[in-house]
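Please examine the sequence and the structure shown below. The paragraphs that follow lead through selected residues and helices one step at a time.

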Amino acid sequence: DAVHERNLAVEEKYNVNIEQLTQVSGDPASVLQTYYMSGDFCFDVIYGWGYKLGSCITENYFADIASLPGVDLTQEYWSPSAMKDLSINGKLYITINDISMNKLEWAELLFYNKTMAENYNLEETFGSPVEMVKNGTWTLDTYLAMLQSVSTDLDGDGEITGSDVFGLVDGNTSGLSLVHASGIYYTSKNADGSYSLNFYSDKLLSLAEKVQKIYANSEYVKSYDELWSTGDFSDYSDRWEYARSFFSTGHSLFCAGSAYITDEFRNMTDEYGILPLPKYDENQTEYYSNVSSPASLFAVPVTSRNDVSCAGAERTGAILEYMSYKSNKILLPAYYEKLLKEQRLGDTDDRKMLDIIRDTVHYEFTDMVGLPVSSVVNSIMQRPSAATSTYIRNQNKMIKAIDDFYRDVLSLDDRETVSSE
């Protein structure tokens, strides 16, 4: 209803029709190239998986959103963190705003079984995670200690399996999400706008060693792969929902995920809540809620569209700006306040946690533009004993990929603009 109301307001103000053409498969670069070359380019805005769109930037398919007439990136409905994290030499080729709720839906967080915590007296032992979040003391060490404290062999077979109780369900048992949560981002921006690798440090090595001791132990952490290996998915929409059902049926204390999956827990018997991922330690000044790379972002195609009399940058900018504004007033309250806070997260503390997560959203630049860095960090997290050799072996490849990408983006101004004429 909120989407319809928002779209209707935009259509009436600008005398346009909002239509969606869905491309469910194929590489975006190939798809866009096909449309461009055919002369049948019919899009004003493109919306798709961030890392796939990001890899199209150097193909000169996308305009600088920051330069569109009528767009005011200082407004709250344009995500400030996306502007900061995704701008390249002052230009913004991919971004997000309140037209979509993706920055909320895909921000990484923890689901927390409150009933289990009460049954195991965890708050008496460790303190309340919610209160720790509020006072800035929700840290990696406490989180790891908690997820080790509940493993119970319910069926007495001598093993901790999916039929028992354990600490965490996670699709990635390297603990990669904890890297960003610890404030470690893969690159830093230099004064001239270029990028330098910035992740390999004593802090990363300490993190990897701490995490892997716990995450590699299936008595504490269950991977999706392990749960899938003996699973029957027939009663679930997909195998991912099946894996997360071990949280919703009371077998796991924590479940790594995002607000996108809260609907899966609507019939959960146990009481649950949400938490931001923990800080590395109390010296860390803020929480970091990284947006996963599959989250969709917006791009504006570079095309003159001379065949459409009303088309152009000024029109696109004005409509995007107004649609973002109306989304902030109509769609965001419906999704954030009513759906998430009132229907799915009824507890006042959970709503506070959601506010903290929303206010600490960040984007990993290299993930969103498809650069080969995350896989190296993942390998280090999986095998901290081989961290140095892994980094040295891949260092030049990563630096070259980053430098080549930046050089190609700088050269976009010198290229002939792609046109559908």
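Beyond the residues up to four places away in sequence, Asn 378 touches Asn 172, Ser 174 and Leu 176. With one of these, Asn 172, the side chain of Asn 378 forms a polar contact of 3.1 Å. The model is a predicted one, and in it Asn 378 belongs to helix α17. Is Asn 378 buried or exposed? Its relative accessible area is 16%, and since buried means under 20%, Asn 378 is buried.

Helix α17, which spans residues 374-382, also packs against helix α11. The axes of these two helices lie 8 Å apart, at an angle of about 55°. This angle makes α11 oblique to α17, because it is neither under 35 degrees, nor between 65 and 115, nor over 145. On the side of α11, the contact involves Leu 204, Leu 207, Ala 208, Val 211 and Gln 212. These residues meet Val 377, Ile 380, Met 381 and Gln 382 in α17. Sorted by class, the contact of α11 with α17 contains seven nonpolar residues, two polar residues and no charged residues.

A further partner of α17 is helix α18. The axes of α17 and α18 come within 10 Å and cross at roughly 175°. Angles over 145 degrees count as roughly antiparallel, and therefore α17 is described as roughly antiparallel to α18. Val 376, Ser 379 and Ile 380 of α17 make this contact with Ala 387, Thr 390, Tyr 391, Asn 394 and Met 398 of α18. Five nonpolar and three polar residues take part in the contact of α17 with α18, and no charged ones.

Asn 394 deserves separate attention. This residue lies in helix α18, which covers residues 387-410. Where does the side chain of Asn 394 reach a backbone oxygen? It reaches the backbone oxygen of Thr 390, at 2.8 Å. Asn 394 has a relative accessibility of 12% and therefore counts as buried, the limit being 20%.

The path now returns to helix α11, residues 202-215, and its packing with helix α9, residues 140-147. Their axes are 10 Å apart and form an angle of about 10°. Because angles under 35 degrees count as roughly parallel, α9 and α11 are roughly parallel to each other. In α9, the residues in contact are Leu 140, Asp 141, Tyr 143, Leu 144 and Leu 147. They meet Leu 207, Lys 210, Val 211, Ile 214 and Tyr 215 in α11. The contact of α9 with α11 has eight nonpolar residues, two charged residues and no polar residues. Leu 207 and Val 211 of α11 are among the residues that meet α9, and they are also among those that meet α17.

Leu 147 leads onward to a strand. Gly 167 is located in strand β3, residues 166-170. Apart from neighbours within four places in sequence, Gly 167 is in contact with Leu 147, Val 150, Tyr 220, Ser 252, Leu 253 and Phe 254. The relative accessible area of Gly 167 is 0%, so this residue is buried. Gly 167 and Cys 255 are 88 residues apart along the chain, yet their C-alpha atoms are separated by 8.5 Å.

Cys 255 introduces the topic of cysteines. A relative accessible area of 0% means that Cys 255 is buried. Cys 56 likewise counts as buried, with 0% relative accessibility. A disulfide is a covalent bond between the sulfur atoms of two cysteines. How many disulfides does a search of the whole structure find? The search finds zero.

The last topic is the backbone angle phi. Most residues other than glycine have a negative phi. Asn 60, although not a glycine, has a positive phi of about 65°. This residue is placed in the loop between α3 (50-54) and α4 (80-86). With a relative accessible area of 8%, Asn 60 is buried. Asn 121 also has a positive phi, near 55°, and is a residue other than glycine. Its place is in the loop between α6 (114-119) and α7 (122-126). Why is Asn 121 called partly exposed? Its relative accessible area is 39%, and partly exposed is the term used between the limits of 20% and 50%. Thus Asn 60 is buried, whereas Asn 121 is partly exposed.

Conventions. Residues numbered from 1 in each chain as written. Predicted model: local features only at pLDDT ≥ 70, side-chain atom pairs only at ≥ 80, totals over all residues. Heavy atoms only, no water. Disulfide = S-S within 2.5 Å. Buried < 20%, exposed > 50% of the residue type's maximum accessible area, 1.4 Å probe, protein only. Axes fitted to C-alpha atoms, helices over the stretch in contact; angles between N-to-C directions. Helix = DSSP H or I, 4+ residues; strand = E, 2+ residues; numbered from the N terminus. Contact = heavy atoms within 4.5 Å. Nonpolar A, V, L, I, M, F, W, Y, C, P; charged D, E, K, R; others polar. Polar contact = N/O pair within 3.5 Å; in protein donor to acceptor, adjacent residues only side chain to side chain.
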